[in-house]
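The following paragraphs walk through one helix and its surroundings, moving from its own geometry to the strand of DNA beside it. Please keep the structure in view while reading.

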2 protein chains.
Amino acid sequence: MSSEEEEKIFDYFVKSKGLKHSDQRRGILRTFLKTERHVTADELYRLVRKRNPAIGFATIYRTLKLFCECGLSRELKLENGSVRYEHLYGHEHHDHLVCVKCGNFIEVMNPEIEKLQKRLAKKEGFILQEHKLLLYGICRKCKS
Amino acid sequence: MSSEEEEKIFDYFVKSKGLKHSDQRRGILRTFLKTERHVTADELYRLVRKRNPAIGFATIYRTLKLFCECGLSRELKLENGSVRYEHLYGHEHHDHLVCVKCGNFIEVMNPEIEKLQKRLAKKEGFILQEHKLLLYGICRKCKS
DNA sequence: TTGATATTGATAATCAATCTCAGGATAATA
DNA sequence: TATTATCCTGAGATTGATTATCAATATCAA
């Protein structure tokens, strides 16, 4: 349950960019780190508001953007249009299995697929920068 | 250059759903079929307007949705937030290589990757319904 | 403590996409 | 062909998520 590492990363990022700390940012970071789920901006907003009812919506967005910039988080854009923020630190690269019924995620990883993707890109003369693989289906729980 | 097949599909779909034909729908379909590119709703709107300046924006959206419902087209949501419509009829399943510089697409397909995806989903107890793979990079032209 | 600068919350603005609605078009039927 | 129930249309309003703006406030190095 140590989020020290992440806080250090954010700390360093803020300083190196000439930004400043604030209670709001600390609060948002803490709440974000405590939540293991992939949250939407709105969900995080509601969570943070429990502790700090004065928080503004824009601040959530601004701060989430900072998290993405410093590598603590990443936007996950889903087919239904919603955007969720996932934790990146301490999580190796992975893809996602998304249940179309309950909306839950499973993080998956297959080096073989990664390798084939690189080969595919190379064959077409592309310099591959990143990729996005989403597998949609019905999860174990929902199918029973 | 025969789009008869597609027009028949749309015809059948319209009838089976108890919908009606209209000049607007015919015009939009023809323009859509003529364009081999992956268009945005806005691009299609401008194209259709050349022939029918009275066309409304909502009609484009409504009709594109119909194309998707009847299997003639599919929405492609990109990382930058834009949505493009690609042709489906006569195109087998494929994934996309997207150039981050010029925005061009290449359609790619690798049965091996597909197989591994299915295996991956199965291992997690998922019934795989569909997937989405986007490979972002710099294309041959743009890197030189 | 100061002062330059970043941050904040409230609100307005933006943007693509969708909804509404009154008038027009379509097509099955008589 | 006329009738008529229903669908379709364009214009403009609306939505919902995200950003931009701005005056007041907080931060922090000196």
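A residue is taken to be near a strand if its C-beta atom, placed from the backbone, lies within 6 Å of it. With that cut-off, in this predicted model, 22 residues surround DNA strand C, and the closest are Leu19(A), Gln24(A), Gly56(A), Thr59(A) and Ala58(B). The elements that give two or more residues to this surface are α2 and α4 of chain A together with α4 (57-69) of chain B, and α4(A) gives the most, with four residues. By residue type, the surface near DNA strand C divides into 10 nonpolar, seven polar and five charged residues.

Since α4(A) contributes the most to that surface, its own construction deserves attention. Helix α4 of chain A, residues 57-69, has 13 residues and reaches 19 Å from its first C-alpha to its last, which is close to the 18 Å expected at 1.5 Å a residue. Within α4(A), Ile60(A), Thr63(A), Leu64(A) and Phe67(A) are buried. These four residues lie on the same side of α4(A), because they cover an arc of only 105° around the axis. The face of α4(A) turned away from this buried side carries Ala58(A) and Glu69(A), both of them exposed.

What, then, covers the buried residues of α4(A)? The cover includes two helices of chain A, α2 (23-34) and α3 (41-51), as well as the strands β1 (73-77) and β2 (83-87) of chain A. α2 of chain A thus appears both in this cover and among the elements that give two or more residues to the surface near DNA strand C. Beyond the helix, α4(A) is followed by Gly71(A), whose phi is positive, near 85°.

Definitions and conventions
Residues are numbered from 1 along each chain as its sequence is written. Chains are lettered from A and ligands numbered from 1 in the order in which they are written. This is a predicted model: local features need pLDDT of at least 70, side-chain atom pairs count only at pLDDT 80 or more; totals for chains, interfaces and linings use all residues. The expected span of a helix is 1.5 Å times one less than its number of residues. A residue is buried if 20 or more other C-beta atoms lie within 10 Å of its own, exposed if 12 or fewer, and partly exposed in between; C-beta atoms are placed from the backbone. The arc is that of the directions from the helix axis to the C-beta atoms. Two residues are in contact if their C-beta atoms, placed from the backbone, lie within 7 Å. Ala, Val, Leu, Ile, Met, Phe, Trp, Tyr, Cys and Pro count as nonpolar, Asp, Glu, Lys and Arg as charged, and the others, Gly among them, as polar.
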